[in-house]
Amino acid sequence: MEKSRIDLPIGITLDRFIKSNENQYPNAAGELSQLLRDIALASKVVNREINKAGLIDIMGNMGQQNLGGDEQQKLDLLANIRFTRALSKGGEACGIISEETESFIDLKNKGKYIVAIDPLDGSSNIDVNVSIGTIFSIFKKQTPQDQPLCEKDFLQKGRNQIAAGYILYGPSTMLVFSTGQGVNGFTYESALGEYVLSHQNMSCPENGNIYSINDGLLDDITQKGVITYLDKCRKKRLTARYIGSLVADFHRNLIKGGVFLYPPTTKLPLGKLRLFFEANALAFLIVQAGGLASTGKENILDITPTTLHERVALYIGSKKMVEEIIALLHQE
Ligand code: AHG
Ligand code: MN
Ligand code: MN
């Protein structure tokens, strides 16, 4: 059953917003609300640390790589610790899988939920004071609560997400999330220490003027349909915009209308972005906002995952733009 969207006035705090929506989840008994509050709290701590990044020794490289082979930055690890700590203290989540850790973390409690998180997205932009983010997905534990947490609890389709969202640490910090009743955006008012509703029932324009891709990949793209699509974008004089922080690129396209593309390449034949930590959450949000997310062959939300760190091709944003890419890929 489609849940009804709730219209609450601009300016109310995240806390009040969550409380007013609690009756939508009769079985959740406030646990989901508390989980969202825990994430919001951790994000405030991370936000404070990001704001100080130029002043204290938390910028730069750790000199090691994570599971996906990315260089780990100090802030990647710091953010990972902040979110993991907040979730483990909160007690509503029984397990976490993070982009920065090889396996899942069993929090050994009776929590109903599991969380997948990209604690710091766009980490190559940390050192140059460009917008970065956090991405999270919330699922219900699949196996009965009295059974120990296992990989099966995490290997769920994106469609099973109970909630998903992101935090954008930009000129202002925003928390954007959905519990399946539309997408709402909250701006952080640092003097009050509160997230305040600023973007009500966000919707992504059906069509847009922006396409976002790393142009340096062009000679390595393995799908002809993508090259054709990019030619069409140039011929239509669309605008190319690419920040290199997925959250920031996604946020702009969500508001203005546009499409983000990360296709398979010769170097990364499965694509670069991770299903659990990036694609699933943003797919949940874009669908809630009226847009679409696809690998070109499959709706992101329908992928049955086989590994926790799997990568996918990602075409996400305005519905008509993503549909055009899918159609071109079908003609190959
Ligand atoms: P992360 O910092 O979490 O590893 O994510 C980086 C991702 C994403 O934010 C961005 O869209 C993409 O990598 C950029 O990749 P390229 O540098 O290959 O364009
Ligand atoms: Mn990321
Ligand atoms: Mn990351």
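**View 1. Lys 232 on helix α5, in a predicted model.** Like every view here, this one comes from a predicted model. Lys 232 belongs to helix α5, which covers residues 224-235. Setting aside neighbours within four places in sequence, Lys 232 has Glu 324 and Leu 328 as its contacts. Buried or exposed, or something in between? With a relative accessible area of 34%, Lys 232 is partly exposed.

**View 2. Two loop residues with positive phi.** Arg 237 sits in the loop between α5 and β12 (239-240). Its phi is near 60°, a positive value in a residue that isn't glycine. At 70% relative accessibility, Arg 237 is exposed. Asn 201 turns up in another loop, the one between β10 and β11 (210-212). Asn 201 isn't a glycine either, and has a positive phi of about 40°. Its relative accessibility is 23%, so Asn 201 counts as partly exposed.

**View 3. The manganese ion (ligand 2).** Which residues hold this ion? Asp 118 (OD), Asp 121 (OD) and Glu 278 (OE) coordinate the manganese ion (ligand 2) at 1.9 to 2.1 Å. Along the chain, these donors follow the spacing D-x2-D-x156-E. Asp 118 is buried, with a relative accessible area of 0%. Asp 121 is buried too, at 5%; the cut-off for that label is under 20%.

**View 4. The manganese ion (ligand 3) and the shared aspartate.** Here the protein donors are Glu 99 (OE), Asp 118 (OD) and Leu 120 (O), lying 2.2 Å from the manganese ion (ligand 3). Their spacing along the chain reads E-x18-D-x1-L. Glu 99 comes from the loop between β3 and β4, while Leu 120 is in strand β5, 21 residues apart. Both Glu 99 and Leu 120 are buried. How far apart are the manganese ion (ligand 3) and the manganese ion (ligand 2)? They are 3.8 Å apart, and Asp 118 coordinates both.

**View 5. The open sheet of 8 strands.** Follow the strands across the sheet and you get the order β4-β3-β5-β6-β7-β8-β9-β10, with mixed pairing. Each of β4 (105-106) and β10 (194-199) has a single partner strand, so these two stand at the edges with one side lacking a neighbour in the sheet. Helix α3 (residues 74-90) packs on the sheet, where it touches β3 (93-98), β4, β5 (113-121), β6 and β7. The direction of α3 makes about 155° with that of β5. Elsewhere in the sheet, β6 (residues 132-140) and β7 (residues 163-169) pair antiparallel over 7 bridges. For one rung of that ladder, look at Gly 133, whose bridge partner in β7 is Leu 168.

**View 6. Strand β17 and its antiparallel partners.** Strand β17 spans residues 314-317. Leu 314 and Ile 316 point one way from it, Tyr 315 and Gly 317 the other way, and all are buried. In a regular strand, side chains alternate between the two faces of the sheet. Strand β13 (residues 258-262) runs antiparallel to β17 and is joined to it by 4 bridges. Strand β15 (residues 292-294) also pairs with β17 in the antiparallel sense, over 3 bridges. Ile 316 is a handy landmark: Phe 260 has Ile 316 as its bridge partner, and Ala 293 stands opposite Ile 316.

**View 7. The largest nonpolar core, seen around Leu 261.** This core has 53 residues, of which Tyr 166, Leu 261 and Ile 300 touch the most other members. Helix α7 (residues 275-288) gives the largest share, 8 residues. Where does the core lie with respect to the domains? Domain 1 (14-199) and domain 2 (210-330) both contribute residues, so the core lies between them. Not counting neighbours within four places in sequence, the contacts of Leu 261 include Tyr 211, Val 226, Tyr 229, Leu 314 and Ile 325. Apart from this core lies another, of 39 residues, with Leu 36, Leu 87, Ile 117 and Ile 126 among them.

**View 8. The contact between the two domains.** The domain assignment splits the protein chain into domain 1 (14-199) and domain 2 (210-330). Their centres, taken over C-alpha atoms, are separated by 22 Å. How many residues does each domain bring to the contact? Domain 1 brings 49 residues and domain 2 brings 32.

Key: Residues numbered from 1 in each chain as written. Chains lettered and ligands numbered in written order. Predicted model: local features only at pLDDT ≥ 70, side-chain atom pairs only at ≥ 80, totals over all residues. Heavy atoms only, no water. Pairing = 2+ DSSP bridges. Contact = heavy atoms within 4.5 Å. Axes fitted to C-alpha atoms, helices over the stretch in contact; angles between N-to-C directions. Core = buried A, V, L, I, M, F, W, Y, C linked by side-chain atoms within 4.5 Å. Buried < 20%, exposed > 50% of the residue type's maximum accessible area, 1.4 Å probe, protein only. Domains from an automatic or database assignment. Donors = N, O, S within 2.8 Å, 3.2 Å for Na, K, Ca; no water.
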